[in-house]
Amino acid sequence: MGVDRRKFLKLAGVSAALGLGGATGFQLLRPGALDAAERMPTPYQMVFPKEHGAAEIMPNPKRLQGRRWGMVVDMRKLTPASARAAIEACNYYHNVPQIPGKQNIKWIWTAPYVNVFPETENPWADPDIKNAQFIVMCNHCDNPPCVRVCPTKATFQREDGIVMMDMHRCIGCRFCMAGCPYGSRSFNFRDPRPFIKKEYPDYPTRTRGVVEKCNFCAERLAVGKLPACAEASGGAMVFGDVDDAGSELRQLLRKRYSIRRKPNLGTSPQVYYLV
Amino acid sequence: MYDKGKIITGLVIFLAIFTYPLWSNMGKAAPVPKPELPPKSVATQCIADTQYMRTSHMTLLNTWRDDVVRMADRVYVSASGKSYNMSLTNTCLECHSDKVKFCDQCHNYLAVAPFCWDCHLVPKPKEKK
């Protein structure tokens with residue numbers, strides 16, 4: 001006896017209906033059954049089991065808190081000397097190596113107007129501005145392209161806007177360097193340690209094969225200090241909360257005309273230049 | 001059996017070479033590592049009990065890493081209520097100041113090579129006064 005198509009489909013349909021509505025279906029949809037995942041121990045409970053004394057992890061009470069960190073660079077106050085002081089402070093506090101040639105690592109550096117603001121090219125602009133050396137760093141964009149392209153989430157955006165690097169996760173693919181329109185990222189083509197003038201013991205170095213950039217001194221904010229460049233620049237660089245209308249940074253932005261780098265790209269950089 | 005002599009000689013030589021690591025190391029068991037604890041004047045207790053630190057310090061350090069980098073939580077309160085700054089170089093190695101006499105003891109014994117030190121600095125051993 002053969003099974004014709006009609007019979008086969010009927011049989012298949014009935015068994016499928018029975019299967020779905022059967023014991024398994026009811027068990028799966030029983031209230032609370034799918035919530036089991038929520039009752040799993042949290043990572044902390046697994047890492048710090050009770051018998052070893054439940055430990056607590058919390059932020060440093062002295063930390064600086066902001067809703068959205070940003071930086072203002074006052075080009076009237078920024079002199080070559082204060083720019084150098086800021087750069088040297090940053091390089092020291094973050095163990096940034098100085099490698100001769102194209103493989104240098106840059107967190108913060110100076111560049112001429114024409115390179116910093118290429119879209120506002122104007123042959124008759126104020127020569128004071130045109131010939132000035134602007135201090136540039138990671139813009140900690142609101143919409144950071146580097147974060148979007150990172151395949152391992154090694155670079156990510158914190159709630160307070162800082163675009164951070166987790167060096168432990170970086171695989172050195174350099175997508176972020178291709179994504180960043182500001183050239184703020186550098187790749188460690190070689191072991192940076194021999195090129196560090198003086199090691200700062202409180203901050204790690206990097207290793208060969210990872211990308212690095214400015215982190216808005218997240219490690220200093222966490223202990224209640226201002227970023228190293230802002231501290232060393234003698235008032236030319238002001239760090240603050242962009243979201244706080246009463247902050248010194250917002251007052252400066254209200255009073256003076258400010259420009260940002262390549263705003264038409266839609267990255268919304270958070271480093272403002274008062275010109 | 002053809003070439004009996006050659007085959008048996010070959011087998012004996014093969015076995016001798018194959019088992020070389022076994023019999024050459026016989027009676028030469030590596031000594032059990034004895035990591036040197038910091039003197040009592042520096043610290044009398046670690047951030048968690050010894051058994052936990054011995055088996056799970058790497059898990060703890062991984063959690064610290066994620067908390068510090070991702071969550072910006074940098075203070076660890078131990079079961080005894082003491083607060084610590086979560087830092088490998090500045091907290092762990094503050095007490096365990098000699099990496100060679102502490103970390104490397106077990107790591108070398110177990111032939112593990114954690115790459116922490118590629119980036120994290122090892123403080124120079126303090127000179128004894």
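A residue is termed buried if 20 or more other C-beta atoms lie within 10 Å of its own, exposed if 12 or fewer do, and partly exposed in between, with the C-beta atoms placed from the backbone. By this criterion, helix H1 of chain B (residues 4–18) has 0 buried residues among its 15, so H1(B) lies largely in the open. The model is a predicted one, in which local features need pLDDT of at least 70 and side-chain atom pairs count only at pLDDT 80 or more, whereas totals for chains, interfaces and linings use all residues. Residues are numbered from 1 along each chain as its sequence is written, and chains are lettered from A and ligands numbered from 1 in the order in which they are written.

Helices (H or I, at least four residues) and strands (E, at least two) are DSSP runs numbered from the N terminus. Chain A contains 11 helices and 11 strands, and 33% of its 275 residues are buried. In chain B, the end C-alpha atoms of H1(B) are 21 Å apart, which agrees with the 21 Å expected for 15 residues at 1.5 Å a residue; the expected span is 1.5 Å times one less than the number of residues.

Two residues are in contact if their C-beta atoms, placed from the backbone, lie within 7 Å. The contact between the chains takes 23 residues from chain A and 25 from chain B. On the chain B side, two or more residues are given by each of helix H3 (50–71), strand E1 (75–77) and helix H4 (88–95), and H3(B) gives the most, with 8 residues. This side divides into 12 nonpolar, 6 polar and 7 charged residues, where Ala, Val, Leu, Ile, Met, Phe, Trp, Tyr, Cys and Pro count as nonpolar, Asp, Glu, Lys and Arg as charged, and the others, Gly among them, as polar. Strand pairing also links the chains: strand E1 of chain A (residues 56–58) and E1(B) pair in the antiparallel sense over 3 bridges, with Ile57(A) opposite Tyr76(B). Two strands are taken to pair if DSSP finds at least two bridges between them.

Within chain A, an open sheet of mixed pairing is formed by 4 strands in the order E9-E2-E11-E10. Strands E9 (237–241) and E10 (258–259) stand at its edges with a single partner strand each, so one side of each is left without a neighbour in the sheet. Strands E2 (residues 69–74) and E11 (residues 271–274) of chain A run parallel and are joined by 4 bridges, and Met71(A) stands opposite Val271(A). Elsewhere in chain A, strands E3 (residues 108–112) and E4 (residues 133–137) run antiparallel, joined by 5 bridges. Of the 5 residues of E4(A), 4 are buried, so E4(A) is largely enclosed by the rest of the structure.

A nonpolar core is a set of buried Ala, Val, Leu, Ile, Met, Phe, Trp, Tyr and Cys residues joined through C-beta atoms within 7 Å. The largest such core has 57 residues, and those touching the most other members include Val73(A), Ile135(A) and Met237(A). Helix H4 of chain A (80–93) is among the elements giving two or more residues to this core, and H4(A) supplies the largest share, 5 residues. Leaving aside neighbours within four places in sequence, Met237(A) is in contact with Met71(A), Val73(A), Ala86(A), Cys229(A) and Ala230(A). Another core, of 7 residues, lies apart from the largest and includes Trp64(B) and Tyr76(B).
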